[in-house]
Amino acid sequence: YIENSKAYIEVERNFLLKELSEIEGIKVYPTKTNFILIKLLNWNEEYVFNFFLERGILIRKCSSFKELEGDHIRAAIKSRENNMKLLYIFKKLSKGEN
């Protein structure tokens, strides 16, 4: 189970890193963990947190982390279906859509 979980997370993490890196308005940090740290270039974390929450996705605000001053969020690696939803919402955000 553990080996299968590690392999699954690796595949989904690589997929998300690639797709997120192509979205304007964010900077994605490389990771080997089961979550991705994202710098928001055009919005603050409160706005993005609420934008995602209104669409059914909970992301982690990172302002409580030392030196991350309200412009970073963290997204967990989930199922492909949920990861696709995360990407879809990020693309809507990037394009200024509701």
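Start by selecting N44 and E46, at the beginning of helix α2: a side-chain oxygen of N44 comes to within 3.0 Å of the backbone nitrogen of E46. Keep in mind as you look around that this is a predicted model.

Now colour the rest of α2, residues 45-53. Which of its residues are buried? Pick out E45, V48, F49, F51 and F52. Turn the view until you look down the axis of α2: the buried residues fall within an arc of 165°, so they line one face of the helix. To see what that set packs against, show β2, β3 (60-61), β4 and α3.

One of those residues, F52, leads to the next stop. Along with L20, I26 and F90, F52 ranks among the residues with the most contacts inside the largest nonpolar core, which has 25 residues. Select these elements one after another, since each supplies at least two residues of the core:

- α1 (2-21) and α2 (45-53)
- β1 (26-28) and β2 (35-40)
- β4 (72-76) and α3 (80-95)

Which element gives the largest share of this core? That is α3, with five residues. In soluble globular proteins, nonpolar side chains tend to be buried together.

Centre on L20 next and show its surroundings. Leaving aside residues up to four places away in sequence, L20 touches I26, V28, I36, I38, L87 and F90. Two of these, I26 and F90, are themselves listed with L20 for having the most contacts inside the core.

Stay with helix α1, but move to E12. Is E12 buried or exposed? Its relative accessibility is 3%, and buried means under 20%, so E12 counts as buried. Display the side chains of E12 and R80 together, and you will find a polar contact of 2.9 Å between them. With residues up to four places away in sequence again left out, E12 touches I77, K78, S79, R80 and N83.

For the last stop, switch on a surface and look for the largest pocket, which holds about 220 Å³ of space. Select I57, L58, A76, K78 and L86: of the 13 residues that line the pocket, these are the closest to its centre. K78 will be familiar from the list of residues that E12 touches. Both β4 and α3 supply at least two residues of the lining. Helix α3 gives the most, with four residues, so leave α3 highlighted while you look back at the core, where α3 also has the largest share.

Notes. Residues numbered from 1 in each chain as written. Predicted model: local features only at pLDDT ≥ 70, side-chain atom pairs only at ≥ 80, totals over all residues. Heavy atoms only, no water. Core = buried A, V, L, I, M, F, W, Y, C linked by side-chain atoms within 4.5 Å. Buried < 20%, exposed > 50% of the residue type's maximum accessible area, 1.4 Å probe, protein only. Contact = heavy atoms within 4.5 Å. Arc of directions from axis to C-beta. Polar contact = N/O pair within 3.5 Å; in protein donor to acceptor, adjacent residues only side chain to side chain. 1 Å grid on protein atoms, 1.4 Å probe; cavity = no way out; pocket = protein on both sides within 12 Å on 5 of 7 lines; lining within 4 Å. Points joined across faces, edges and corners; volume = space filled by probe spheres on them.
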